Amino acid sequence: RTLLVTGLDRLLELQMRVRAGNYSASSEDEYSRVFNLMHHVDRMKEDEIFQYTVTAAMLAMFLAKRTKFIFPKQKSPGTLESDMDEELVSYIGGLIMRHLCQLVGNAHAVTQLKENDSGAVQQVRVATAIYPSASMMNHSCVPNIINQFQGSRLLVRATSAIKSSSEVFNCYGPHFRR
């Protein structure tokens with residue numbers, strides 16, 4: 001979704017900078033804030049890297065052959081000519097791979113409160129998303145903030161007063177009180 005929302009034209013504008021390694025985060029450029037989050041590929045096991053690589057390659061080929069995202073001028077999805085731009089498909093696949101790896105350490109579960117037939121309310125995961133600002137918070141099993149969602153918007157609320165220049169802590173996994 002990150003690539004689809006950013007759009008092919010913007011990704012093509014960035015291609016040279018991305019390949020040269022000089023695409024830096026900027027508050028004015030939302031995609032740069034996601035692109036520059038840590039991906040920790042260097043800390044992953046080989047089987048994880050293999051799985052993410054195969055997934056990214058399959059998704060890139062799906063976008064190339066079954067949609068008009070990469071090749072908007074093709075007659076209809078599934079009619080890709082044999083002379084497709086493999087370098088472009090590889091570039092898009094590399095971006096997908098990067099974002100898949102970023103999900104591991106930067107994703108947030110988007111949740112909603114759902115009431116069942118008996119009236120019990122529970123928190124249900126409806127999606128996973130990357131929120132670059134929230135990804136900058138450090139982990140603690142005793143966080144000083146809580147995440148709340150209004151649709152797809154993430155609201156971060158302090159659970160106690162946080163002094164200026166103090167760290168903001170988020171719980172990345174199950175809360176220790178749950």
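# Reading a predicted fold, step by step

Colleague: Which pattern does the protein follow along its sequence?

Modeller: Read along the sequence, it goes α-α-α-α-α-β-β-α-β-β-β-β. That comes to six helices and six strands. Helices here are DSSP runs of H or I with at least four residues, strands are runs of E with at least two, and both are numbered from the N terminus. Before we go on: this is a predicted model, where local features need pLDDT of at least 70 and side-chain atom pairs count only at pLDDT 80 or more, while totals for chains, interfaces and linings use all residues. Residues are numbered from 1 along each chain as its sequence is written, and side-chain values use heavy atoms, with hydrogens and water left out.

Colleague: What is the average pLDDT of the protein?

Modeller: pLDDT is the predictor's confidence in each residue, from 0 to 100. Where it is low, the predicted coordinates should not be read in detail. Here the protein averages 88, and 92% of the residues score at least 70. Among the elements, helix α2 (residues 8-20) has the highest mean, 96, and strand β1 (residues 107-115) the lowest, 83.

Colleague: How do I read the overall build, say what the C-alpha trace spans?

Modeller: Along its principal axes, the C-alpha trace spans about 60 × 45 × 35 Å. For burial, buried means under 20% relative accessible area, exposed means over 50%, and partly exposed lies in between (1.4 Å probe, protein chains only). Buried residues make up 33% of the 178 residues. You can also look at contacts, meaning heavy atoms within 4.5 Å. Among contacts between residues at least 6 apart in sequence, 51% join residues at least 24 apart.

Colleague: Which residues does arginine 10 meet in salt bridges?

Modeller: A salt bridge is a side-chain nitrogen of Lys or Arg within 4 Å of a carboxyl oxygen of Asp or Glu. By this rule there are two. In one, the side chains of arginine 10 and glutamate 13 meet at 3.0 Å, N to O. In the other, arginine 10 pairs with aspartate 29, with the closest N and O atoms 2.8 Å apart. That second pair links distant parts of the chain: arginine 10 is in helix α2 and aspartate 29 in the loop between α2 and α3 (30-35), 19 residues apart. Through shared partners, the salt bridges join Arg10, Glu13 and Asp29 into one network.

Colleague: Why are glutamate 13 and arginine 10 separated by about one helical turn?

Modeller: Because they are three residues apart in helix α2.

Colleague: And are the three partners buried or exposed?

Modeller: Glutamate 13 counts as exposed because its relative accessibility is 56%. Arginine 10, at 25%, counts as partly exposed. Aspartate 29 is buried, with a relative accessible area of 14%.

Colleague: Now the strands: in what sense do β4 and β5 pair?

Modeller: Two strands pair if DSSP finds at least two bridges between them. Strand β4 (residues 145-150) and strand β5 (residues 153-158) pair in the antiparallel sense over six bridges. Phenylalanine 149 stands opposite leucine 154, and glutamine 150 has arginine 153 as its bridge partner. The two strands form a hairpin with two residues between them, and glycine 151 in the turn has a positive phi of about 65°. After β5, threonine 159 is found in the loop between β5 and β6 (169-170). Leaving aside neighbours within four places in sequence, threonine 159 is in contact with Pro143, Asn144, Ile145 and Ile146.

Colleague: Last one: which residues make the nonpolar surface patch?

Modeller: Patches are made of residues with over 30% relative accessible area and no salt bridge; like charges are joined within 9 Å, nonpolar side chains (Val, Leu, Ile, Met, Phe, Trp, Tyr) within 5 Å. Areas come from the Shrake-Rupley method with a 1.4 Å probe, and for residues only the protein chains shown count as cover. Phe50, Val54 and Met58 make a nonpolar patch of about 320 Å². Phenylalanine 50 is in helix α4 (residues 46-66), and it counts as exposed because its relative accessibility is 59%. As for the whole protein, it exposes about 12200 Å², with carbon and sulfur atoms supplying 52% of that.
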